[in-house]
Amino acid sequence: MAAKPIMVQGTMSGVGKSLLVAGLCRIFAQDGYRVAPFKSQNMALNSCITASGAEMGRAQVVQAEAAGIPPEAAMNPILLKPTSDVGSQVIVNGHAIGTMGARDYFAFKRSLVSDIMRAYDDLAGRFDIIVIEGAGSPAEINLKSDDIVNMGMARMAASPVLLAGDIDRGGVFAQLLGTLMLLDDDERAMVKGLVVNKFRGDKTILDPGLDALRERGGVPIAGVVPYVRVDIDDEDSLSDRLDDRRADALVDVAVVRLPRLSNFTDFIALDAIDGVGVRYVQRARDLGEPDLVVLPGTKNTIADLKWLRESGLEAALLKRAAAGTPVVGVCGGYQMLGREVRDPHGVEGGGTVRGMGLLPAVTSFEPEKRQARTSGVIGQVGGALGGLSGARFEGYEIHMGETAWADGAGGELPVLVSAGNVYGTYVHGIFDTKECASALAAALFEAKGLDAGSVRVVDMKAYKQEQYDELARVLRGSLDMDLIYRILEEGV
């Protein structure tokens with residue numbers, strides 16, 4: 001018997017679709033159903049590698065974790081990773097097929113319908129419920145004719161739709177009613193419930209507006225969801241984390257906010273440590289004197305290295321490194337720390353760019369992307385972060401380049417390389433294990449003369465499960481789950 005689908009669409013990007021889907025996955029799983037998330041096409045720089053070596057959007061990984069199942073590429077068959085304002089790397093079924101401009105991809109995407117439906121049908125044959133996530137708004141009238149992710153996907157899956165609006169941004173009634181107005185009649189008929197998301201305050205004040213919304217929209221209200229304060233991985237470009245700063249931090253970690261920043265989730269485990277504050281820096285004058293500087297991953301190493309140079313941040317980072325501040329580069333950030341970045345095959349436009357010269361390394365881009373889960377023990381490293389030596393790690397690699405020592409010596413480089421107080425790694429999530437996070441935090445506390453014995457590190461796996469349960473608890477109390485189960489049963 002094929003799975004019953006239900007789809008969450010939004011009036012715009014950032015209304016909270018991903019969290020609503022994750023919460024519904026958790027609720028259905030708690031209620032004893034085999035449930036899987038699905039998003040036909042995701043655009044994000046936060047991605048992850050599955051156990052089979054496939055790449056998929058981080059949001060669907062989170063939703064799979066909430067459902068209590070291993071993530072797989074079928075849950076996100078199309079992933080677009082922006083490389084510029086008008087182009088993206090296109091990943092189909094977990095593997096890159098090339099980079100396309102927006103216009104070329106718009107013409108190409110209809111050919112991906114068969115891939116989308118194979119993935120969906122595969123999941124539908126193995127699960128009881130599929131919770132589908134839309135993207136952006138279904139009322140983008142210039143995109144509707146070839147839509148494969150909103151109402152086009154709802155049609156293909158014969159899925160009823162919950163339409164969510166974001167009251168925190170204001171104008172939620174106009175969002176919801178305006179979206180309904182711009183839908184075709186058959187599309188409007190698929191919308192079976194409206195959700196007001198991110199509400200703060202006394203709900204009784206909202207009731208007159210909800211009555212008018214029911215009357216004018218002709219669609220039941222499926223719930224008013226409060227602004228949920230749960231610590232769950234975000235989509236990259238809209239994350240509140242990138243603007244937050246903890247005032248009580250004893251140890252200051254500055255992450256450079258590159259224009260094409262990817263996988264900033266690498267640092268959530270550090271921000272969860274008592275006394276450690278992670279902040280994201282875009283301007284040289286905001287760098288200050290942190291206790292640790294991190295150069296994160298990026299979808300375009302060469303372009304972001306040039307930005308780093310032109311913005312003055314490179315000079316500021318070199319000054320901090322010369323003063324002894326530990327600097328860690330992850331993936332693209334690791335590549336930037338070397339002496340050269342070479343692109344003989346034109347992966348990022350071709351040519352050779354001078355690196356920052358803090359590591360005696362050279363990176364050469366290859367056409368084939370490395371995608372793999374990895375785990376093991378960090379070898380011997382020196383400098384301020386020497387305490388990481390021998391710590392167990394697990395994570396994943398996603399990168400186009402291969403890095404070697406500039407003098408050609410040493411063979412394959414270790415998982416974490418070091419030169420003085422400068423470090424580089426290709427492993428995303430390397431600090432997620434309790435052992436690595438503890439070792440790093442202890443080193444930073446000791447360097448400031450603080451008591452490292454009092455450092456409390458969060459078990460990230462257990463912590464995530466607690467957050468999914470809290471999200472489900474809030475949604476159960478604010479959504480009309482009887483209505484949602486009835487919508488599931490009745491379909492379209």
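Here is a short walk through a pocket, a surface patch and two backbone oddities.

Before you click, know that this is a predicted model, where local features need pLDDT of at least 70, side-chain atom pairs count only at pLDDT 80 or more, and totals for chains, interfaces and linings use all residues. Residues are numbered from 1 along each chain as its sequence is written, and side-chain values use heavy atoms, with hydrogens and water left out.

**Stop one: a pocket.** Select Glu65, Arg373, Glu394, Lys461 and Lys464: of the 27 residues lining the second largest pocket, these are the closest to its centre. A pocket here is an open set of points on a 1 Å grid over the protein atoms alone, where a 1.4 Å probe fits, with protein on both sides within 12 Å along at least five of seven lines; lining residues have an atom within 4 Å of a point. Now colour strand S4 (47–49), helix H2 (58–67), strand S22 (392–405) and helix H14 (460–478), which each give two or more residues to the lining. Helices are DSSP runs of H or I with at least four residues, strands runs of E with at least two, numbered from the N terminus.

**Stop two: Leu182.** Go to helix H6 (residues 172–182), where you'll find Leu182. Why is Leu182 partly exposed? Because its relative accessibility is 38%, and partly exposed means between buried (under 20%) and exposed (over 50%), with a 1.4 Å probe and protein chains only.

**Stop three: two positive phi values.** Most residues other than glycine have a negative phi. Pick Lys198 in strand S11 (residues 191–199): its phi is positive, about 65°. Then jump to Asn263, in the loop between strand S14 (261–262) and helix H9 (268–271), with a phi near 55°. Asn263 is buried, at 1% relative accessible area.
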